[in-house]
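Work through the following exercises with the sequence and the model at hand. Each task is followed by a solution in steps.

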Amino acid sequence: MKAVILDMFGVILKQTGEEFYSYVRQFFPERTEKEIYTIWNRADLGEISSLEVWRQLGFQGNLEEREKEFLDTLEVNGGFYEFASEAGKQCKLAILSNDSSRWSRYIREKFGINPYFDVINISGDLKRKKPDRYVFELTRQQLGVEARECVYIDDRRKNLSAARDVGMDTVLFNSRNVDFGGKTVHNFRELGELLGIFKVPVGMFQGSRSGSCNLETRPY
């Protein structure tokens, strides 16, 4: 293993409030799930901005404040920073996320996520999204590794299947409590232990140590 690729929503991030669909339905109960996500999918693909999503759904007024109100219900999953800090000393790290450019940028800047990663690929920037094979191939090429040297972590089984199809190892981050026949973890401590990243109890890291990635220690 030379690289770890992480999804954002459901892996790095957790939702503490309503899911997007439920949030919208509070204001527009006549909107169907298909209608809501058809509009949102266009932002995921970079065809429209996230503010245009709110507008097309029927929201009025200060859409930036509306968006911030929703996004501020997201939090970083416990253990992420310790995992990313330690894993980054041992191997390359990437984000591969289906999201609008604007949403992703706000969240990553708010939580100081960017410095931990060598590659960050967001569907709104790429204009292609998982489970498209292209985005997995592009990410591993940018990391400078072969597919067999990557581990991909996601909470969606269809995305894990796509990653396996290109030759990556996969782990389900089971934040949605679904059945899965492959390797499964429920938090970053379990993930670190599974990948051989954590060699001592979390919170007791001192100095540099080698791990399963066997790469040079990096400065963060």
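**Exercise 1.** Is E67 buried or exposed, and what is its relative accessible area?

*Solution.* The model is predicted, so local features need pLDDT of at least 70 and side-chain atom pairs count only at pLDDT 80 or more, while totals for chains, interfaces and linings use all residues. Residues are numbered from 1 along each chain as its sequence is written, and side-chain values use heavy atoms, with hydrogens and water left out.

Step 1. Buried means under 20% relative accessible area, exposed over 50%, and partly exposed in between (1.4 Å probe, protein chains only).
Step 2. E67 has a relative accessible area of 3%, and therefore is buried.
Step 3. E67 belongs to helix 4, residues 63-71; helices (H or I, at least four residues) and strands (E, at least two) are DSSP runs, numbered from the N terminus.
Step 4. Contact means heavy atoms within 4.5 Å. With neighbours within four places in sequence left aside, E67 is in contact with S50, L51, W54, R102 and W103.

**Exercise 2.** Describe the salt bridge of E67 with R102, and then that of K129 with D44.

*Solution.*
Step 1. A salt bridge is a side-chain nitrogen of Lys or Arg within 4 Å of a carboxyl oxygen of Asp or Glu. This rule gives 18 salt bridges.
Step 2. The side chains of R102 and E67 form one at 2.6 Å, N to O. The pair links distant parts of the chain, with R102 in helix 6 (residues 101-110) and E67 in helix 4, 35 residues apart.
Step 3. R102 is partly exposed, at 29% relative accessibility.
Step 4. K129 and D44 join their side chains at 3.0 Å, N to O. K129 is in the loop between helix 7 (123-126) and helix 8, and D44 is in helix 2, so this pair ties together parts 85 residues apart in sequence.
Step 5. D44 counts as buried, at 5% relative accessibility.

**Exercise 3.** Which residues of helix 9 are buried, and why are they on the same side?

*Solution.*
Step 1. In helix 9 (residues 157-165), the buried residues are N159, L160, A162 and A163.
Step 2. They lie on the same side of helix 9 because they cover an arc of only 160 degrees around the axis; the arc is that of the directions from the helix axis to the C-beta atoms.
Step 3. The buried residues pack against helix 8 (133-143), strand 6 (150-154) and strand 7 (169-173).
Step 4. On the face turned away from the buried side are the exposed residues K158 and D165.
Step 5. Just after helix 9, G167 has a positive phi of about 105 degrees.
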